[in-house]
Each structure stands twice: as C-alpha cells, then as structure tokens.
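The exercises below ask you to read a structure step by step. Try each task before turning to its solution.

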Amino acid sequence: MAHNIFKGLGIALITPFTLEGKVDYKSLRRLLDYQLANGADFLCILATTGEAPCLTKEEKEELTSFIKGVVGGRIPILKYCGGNNTAAVVDEIKTTDWTGIDGILSICPYYNKPSQDGLYQHFKAIAEVSPLPIVLYNVPGRTGINMKAETTVKLAKDFSNIVAIKEASGSLEQVDEIIKNKPDNFDVISGDDALTFSMIASGAAGVISVIGNALPKEFSRMIRLEFNGEYEPARKIHHMFTELYSLLFVDGNPAGCKALLNDMGMIENVLRLPLVPTTITTKQKMADILKELRI
C-alpha cells in the first residue's frame with residue numbers, strides 16, 4: 001500500500017524569469033539551494049505558483065529536468081498534472097516520463113463544474129493509470145467547485161495510490177471531517193499558508209507553501225515546533241507572518257511572493273501575462289515587514 005511521503009514544508013515553487021521574460025535558470029538554482037539549505041522537506045513543481053499555465057511544453061520539460069538535477073534525490077518532488085478534460089489528463093499521465101518524480105498533484109476539474117460523482121469518476125480514472133502516488137488538490141476559489149469531505153474520503157478508501165489531499169477550501173470544518181474519517185495511509189496537506197498553523201494543530205501532515213519560497217527557515221520551524229507539540233513558540237511565528245499572509249495574495253499569486261523574493265535580491269520581479277507584478281504600495285509594505293523580521 002502506498003503511503004504519503006509529502007510531509008512537513010513543501011514549497012509551491014515559483015518560476016523565475018529574466019527581464020526579457022525567459023526562464024531564469026541561474027536564479028532558480030540559487031533559489032533551490034536556498035530552500036534545500038533552510039528546511040524544505042519536498043517541492044511541488046509546475047503548478048499555479050510556478051505559472052505553469054503560461055509555460056510551453058518545452059519549458060516545462062526543461063524545468064523538470066533542471067530541478068531534478070539540482071535536487072539530486074535529496075527531497076521528494078511532487079509534479080502537477082491536472083485539468084478539466086479527464087481523457088487528456090489520463091493521456092498525459094500515460095505518456096509522460098515520470099523518472100525522478102515522486103508523486104502527482106492533480107486539481108479538481110475547473111470551469112466545467114462537475115458534480116461530486118463527476119469529481120469521483122475523474123480521480124478514479126487518474127488513479128487507475130497513475131504509476132505514482134497521487135495528491136488531490138481541492139481549491140474552490142480557483143476551480144469554482146468544492147470537493148466535499150465525503151468524496152475525498154471515499155477516494156482515499158477506494159484507491160490506495162491516492163495518498164493525500166492539498167486542501168485549500170478555507171474550511172477548517174471540512175479539514176476536520178476529512179482527518180476524522182480518512183484511512184491511516186492518507187494525509188491532509190494545507191494549501192493555504194494562513195491556515196497552516198490551525199490545520200497542523202488539527203492533524204494535517206504539512207503544507208504546500210507559497211511563503212516558503214522566500215522564508216522557508218521560519219515557516220519550517222513553525223511546523224516542526226507544532227509536530228513536537230510546542231504550540232506557544234509555533235504560534236509566535238504564525239503571528240509574525242499574519243500581515244504578510246494577506247499581502248502575499250492581495251495582487252494575485254505569485255505576484256506577492258515574487259515581489260518579496262525580488263526585495264531579497266533572489267530574482268527579477270517579472271511575471272507572465274495575464275499576471276502582473278504587485279503594486280508599489282504592497283511591495284513597500286512587504287519590504288517593511290521583511291526588515292522587521294530581520295531576514
């Protein structure tokens with residue numbers, strides 16, 4: 001039976017671009033080395049935060065190969081493969097070379113709003129062909145549909161290679177319901193930085209984090225303290241980040257995170273349309289918080 005290896009601090013990896021708009025591999029290497037040295041437990045690549053909808057097939061292949069080379073098996077890699085055309089996702093899973101990848105992150109179909117049974121059948125079709133463990137991704141704010149706790153639990157019980165869910169519904173009640181009823185080999189992973197403290201206190205196994213791109217050391221420390229039952233020092237770190245959580249997403253993701261990394265001298269502040277850089281006001285507020293954190 002497959003079990004979930006995606007625990008602790010997962011990084012929803014950004015894709016840095018040069019001022020000319022090309023993939024910036026020099027900055028990406030620096031960013032990966034920084035995360036590996038500061039507490040990242042696994043990487044989640046080529047998903048929303050990585051601006052995957054705006055990357056070409058060739059760029060995605062080159063990025064995958066580059067990231068695998070830098071990581072060198074030191075931590076697990078979870079790679080996104082999802083969509084709202086079930087047959088196309090199944091075909092992509094069948095035809096992709098998954099060498100060096102440890103799991104597949106797959107989103108609830110967006111835009112066409114399937115029923116709960118439609119969601120179940122979609123992930124059933126994926127589970128039946130996947131050569132790797134699957135992490136489901138529920139993010140109603142982006143997809144327009146919420147996968148209910150009972151659907152998630154049914155999938156977890158019926159398919160042993162469905163090992164976790166990245167839960168970003170924003171509902172702690174839903175998280176509790178999944179954790180209460182799930183099988184032992186299945187985990188809940190936070191998909192929302194601001195709720196990670198509460199979700200881990202409820203029994204979540206970790207987070208796929210945006211803020212972790214820039215501040216992995218403190219965020220992984222918060223998680224480790226919680227895992228050890230040291231809630232008071234963990235809560236202090238959580239509260240340190242409260243204002244930053246909202247600023248990171250106010251102008252869209254990964255605009256906030258890229259602005260933060262730019263202030264740290266790690267990357268150029270470049271995104272691909274339809275995304276644009278965060279406003280000067282937001283960037284300044286984040287820079288001020290960064291100085292207070294003395295990072």
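A residue is called buried when its relative accessible area is under 20%. The model used in these exercises is a predicted one.

**Exercise 1.** Work out which residues of helix 12 are buried, and what they pack against.

*Solution.* Begin with the residues of helix 12, where A255, G256, C257, K258, A259, L260 and L261 fall under the cut-off and are buried. Seven of the nine residues of this helix are therefore buried, so helix 12 is largely enclosed by the rest of the structure. Next, look at the surroundings: these buried residues pack against helix 1 (25–37), helix 11 and helix 13. Finally, follow the chain onward to G265, just after helix 12, which takes a positive phi of about 80°.

**Exercise 2.** Find the buried residues of helix 11 and name elements that cover them.

*Solution.* Within helix 11 (residues 242–249), the buried residues are L244, Y245, L247 and L248. Their cover includes helix 9 (216–227), helix 10 (231–240), helix 12 (255–263) and helix 13 (280–293). One of these buried residues, L244, also belongs to the largest nonpolar core, which has 101 residues, and is listed with I67, L215, F219 and F241 as touching the most other members.

**Exercise 3.** Decide whether S106 is buried or exposed, and list its contacts beyond its neighbours within four places in sequence.

*Solution.* First place S106 in strand 4, which spans residues 103–107. Its relative accessible area is 0%, and because this is under 20%, S106 counts as buried. Leaving aside neighbours within four places in sequence, S106 is in contact with C81, G82, V89, F123, I126, V135, L136 and Y137.

Conventions: Residues are numbered from 1 along each chain as its sequence is written. This is a predicted model: local features need pLDDT of at least 70, side-chain atom pairs count only at pLDDT 80 or more; totals for chains, interfaces and linings use all residues. Side-chain values use heavy atoms; hydrogens and water are left out. A nonpolar core is a set of buried Ala, Val, Leu, Ile, Met, Phe, Trp, Tyr and Cys residues joined through side-chain atoms within 4.5 Å. Buried means under 20% relative accessible area, exposed over 50%, partly exposed in between (1.4 Å probe, protein chains only). Helices (H or I, at least four residues) and strands (E, at least two) are DSSP runs, numbered from the N terminus. Contact means heavy atoms within 4.5 Å.
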